[in-house]
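Biologist: Got a minute to go through this model with me? Let's start with the terms.

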Amino acid sequence: MAIIPRASIATEKQNTNQSVAFDVTLAVAATAEDLVLVPATKKGRTLSIVNEGPGDAAIKFDGTATAADVLLKEGDSMAQDNLDLATKVSFINVGAGNLPRLRGMLGAGPAS
C-alpha cells in the first residue's frame with residue numbers, strides 16, 4: 001500500500017539576480033551606519049553576515065540600528081532567506097568604543 005502525504009511542502013527558490021558584497025567597519029562608535037543598500041528597483045531576498053569584531057554589533061533591516069536590535073556577537077554569523085528588504089541593512093556597535101567589521105552578501109531580486 002502506498003503512503004500518500006496529507007500535505008505537501010512547497011519550497012520556493014529565492015528569486016535573486018544580483019549579488020551585493022559588503023565589507024564595512026563601523027566608522028564612529030555609537031553611531032549607526034549602513035551596512036548594505038538594496039539596489040534600486042530591487043528587493044533584498046537573502047542575506048549572510050559575519051561579524052569579525054572587535055566587539056558585538058546590532059543589526060536592523062530597513063531602518064537605523066540601535067543597540068537593542070538583532071544582536072550579532074563577535075565571531076558569529078547569520079544567514080536569512082525569504083526576506084523582503086526595501087532599503088538597507090544598518091548596524092551599530094554594542095560594546096563601548098568597539099568598531100566591529102562586518103562582511104557578507106546580499107542577494108537581490110525583482111521587486112515584484
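Modeller: Sure: buried means under 20% relative accessible area, exposed over 50%, and partly exposed in between, with a 1.4 Å probe and protein chains only. This is a predicted model, where local features need pLDDT of at least 70, side-chain atom pairs count only at pLDDT 80 or more, and totals for chains, interfaces and linings use all residues. Residues are numbered from 1 along each chain as its sequence is written, and side-chain values use heavy atoms, with hydrogens and water left out.

Biologist: OK, is R103 buried or exposed?

Modeller: R103 is partly exposed, at 36% relative accessible area.

Biologist: Which residue does R103 meet in a salt bridge?

Modeller: E52, at 2.2 Å from N to O. A salt bridge here is a side-chain nitrogen of Lys or Arg within 4 Å of a carboxyl oxygen of Asp or Glu. R103 is in strand β8 and E52 in strand β3, 51 residues apart. Strands are DSSP runs of E, at least two residues, numbered from the N terminus.

Biologist: What network do they belong to?

Modeller: Salt bridges with shared partners join D23, E52, R101 and R103 into one network.

Biologist: How many salt bridges are there in the whole structure?

Modeller: Five. One of them pairs D34 with K88, with the closest N and O atoms 3.2 Å apart.

Biologist: Switching topic, what does I59 touch?

Modeller: Its contacts (heavy atoms within 4.5 Å) include L35, V89 and L102, leaving aside residues up to four places away in sequence. I59 is buried, at 2% relative accessible area.

Methods
Helices (H or I, at least four residues) and strands (E, at least two) are DSSP runs, numbered from the N terminus.
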